[in-house]
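Here is a friendly walk through one protein model, starting from a strand in its middle and working outwards. Please keep the viewer open as you read.

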Amino acid sequence: MIDQAEGLRRLVRGRSSSPKILTVASGKGGVGKTTVSANLGLLLASRGLRVCLFDADLGLPNLDLVLGLNPKHTVGEALSGDVPLREVLLTGPYGLGILAGGRDVNLAHLSFEQVENLAEELVALVRDYDLFLVDCGAGLGVAVHTFAAAADWLLLVTTPDPASLTDGYGLLKYLAQNDLKASVGLVVNQTRSFHEGREVAQRLQLAADHFLAQKVHLLGQIPYDDALVRAARKGEPVVKNAPRCLAVQALGKLAETVEEQLRGTEKRQQGGLRSLWRKFLGLNFGLGGK
Ligand SMILES: Nc1ncnc2c1ncn2[C@@H]1O[C@H](COP(=O)(O)OP(=O)(O)O)[C@@H](O)[C@H]1O
Ligand SMILES: [Mg+2]
């Protein structure tokens, strides 16, 4: 007999032998990508999904901080060849996997074989997860481009702030015109009212539809909530620190919606993770990976 969690996992994962990829991106920084990634990851894991979080912000990685974790090793060290990738993988609450980012990553000496080995390692490491959730740095960095191109779902985060919305649209425009195969979801964060969030979403949806012929699904909105600021100061994820606050209620709804959407879409790109990783390394460090 399969239990409920196992049934859910099968529904989300579909027939694929590798996890679905959900890439979280934004035009501007400080809009809440890491907050959404960390808490969404935790909530989906608490519902029985096997989720692996990847901090692809190699400039200012902080996913581990938001989760209140203290990783022994980082992806940066694995990329430098200092430790195997499996030793970087940290297991958080509900079996949530976390690959923490790294600062001052030095990859100049990576050979093509090492890139291939790292690709194999990553694929083997995440094979048993249902979802690979990637928290990107702001704007159009190399990582965003690569992880968006390999994603099944791109989750764009914006606030109602006009600059955040404009930059978010700019990022989507670039990605949509450059081979985006992912379905696109939107989260409006730090809203002051439901009305405000809906209006912001509609503006982006209309522009994307009209000028880019790109459908954008509003997956949720999260109110501005001081509980998130307090949780961040304490270095705890808000779903643990203040499980009943308004932001967590909204994150809970978001998690439900994301889960439904993941169930409803077949995996787009088989083998995407391996080529994604190669490309990521190649693009970042001039190795010419394809
Ligand atoms: N809904 C919210 N209400 C209040 N503060 C928020 C909210 N979402 C995020 N924040 C705060 O905004 C700051 C930036 O969030 P973060 O997730 O690090 O953004 P990003 O990853 O996009 O740079 C953090 O201090 C975080 O606690
Ligand atoms: Mg961040």
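Both faces of β1 are covered: K20, L22 and V24 lie on one side, I21, T23 and A25 on the other, and all are buried. Buried here means that 20 or more other C-beta atoms lie within 10 Å of a residue's own, exposed means 12 or fewer, and partly exposed is in between, with C-beta atoms placed from the backbone. Put as a count, six of the six residues of β1 are buried. Strands (E, at least two residues) and helices (H or I, at least four) are DSSP runs, numbered from the N terminus.

This is a predicted model, in which local features need pLDDT of at least 70, side-chain atom pairs count only at pLDDT 80 or more, and totals for chains, interfaces and linings use all residues. Residues are numbered from 1 along each chain as its sequence is written, while chains are lettered from A and ligands numbered from 1 in the order in which they are written.

**The sheet around β1**

Which strands make up the sheet, and in what order? Eight strands form an open sheet, running β3-β4-β2-β5-β1-β6-β7-β8, with mixed pairing. Two strands pair if DSSP finds at least two bridges between them. At the edges stand β3 (90-91) and β8 (216-223); each has a single partner strand, so one side of each is left without a neighbour in the sheet.

The table gathers three of the strand pairs, with a bridge partner for each.

| Strand pair | Bridges | Direction | Example of partners |
|---|---|---|---|
| β1 (residues 20-25) and β6 (residues 153-158) | four | parallel | L22 and W153 |
| β1 and β5 (residues 131-135) | five | parallel | L22 and L133 |
| β2 (residues 51-55) and β5 | five | parallel | D55 and D135 |

L22 thus has a bridge partner in β6, W153, and another in β5, L133. D135 is also worth finding: V24 stands opposite D135, and D135 is the bridge partner of D55 too.

Like β1, β5 deserves a look from both sides. L131, L133 and D135 on one face and F132 and V134 on the other are all buried. Five of the five residues of β5 are buried, so this strand is largely enclosed by the rest of the structure.

**The core and helix α12**

Step back to the whole chain: there are 13 helices and eight strands, and buried residues make up 50% of the 290 residues. Among contacts with a separation of 6 or more, 79% join residues 24 or more positions apart; a contact means C-beta atoms, placed from the backbone, within 7 Å.

The largest nonpolar core has 90 residues, of which V51, L131, F132, F147, L154 and L251 touch the most other members. Such a core is a set of buried Ala, Val, Leu, Ile, Met, Phe, Trp, Tyr and Cys residues joined through C-beta atoms within 7 Å. Its largest share, eight residues, comes from α12. In soluble globular proteins, nonpolar side chains tend to be buried together.

Helix α12 (residues 246-264) has 19 residues and spans 27 Å from its first C-alpha to its last, close to the 27 Å expected at 1.5 Å a residue, where the expected span is 1.5 Å times one less than the number of residues. Its buried residues are A247, V248, A250, L251, L254, A255, V258, E259 and L262. Leaving aside residues up to four places away in sequence, L251 touches N39, L40, L43, I222 and V239.

Another helix to visit is α7 (residues 142-149), where A149 lies. A149 counts as buried because 20 C-beta neighbours lie inside 10 Å. The C-alpha atoms of A149 and T23 are separated by 9.3 Å, although the two are 126 residues apart along the chain.

**Around ligand 1**

Which residues come nearest to ligand 1? Of the 18 around it, they are G32, K33, T34, T35 and A232; a residue is near if its C-beta atom, placed from the backbone, lies within 6 Å. At least two residues of the shell come from each of α2 (33-46), β7 (183-191) and α10 (226-234). The shell divides into eight nonpolar, eight polar and two charged residues. Nonpolar covers Ala, Val, Leu, Ile, Met, Phe, Trp, Tyr, Cys and Pro, charged covers Asp, Glu, Lys and Arg, and the others, Gly among them, are polar.

Notes:
Contact = placed C-beta atoms within 7 Å.
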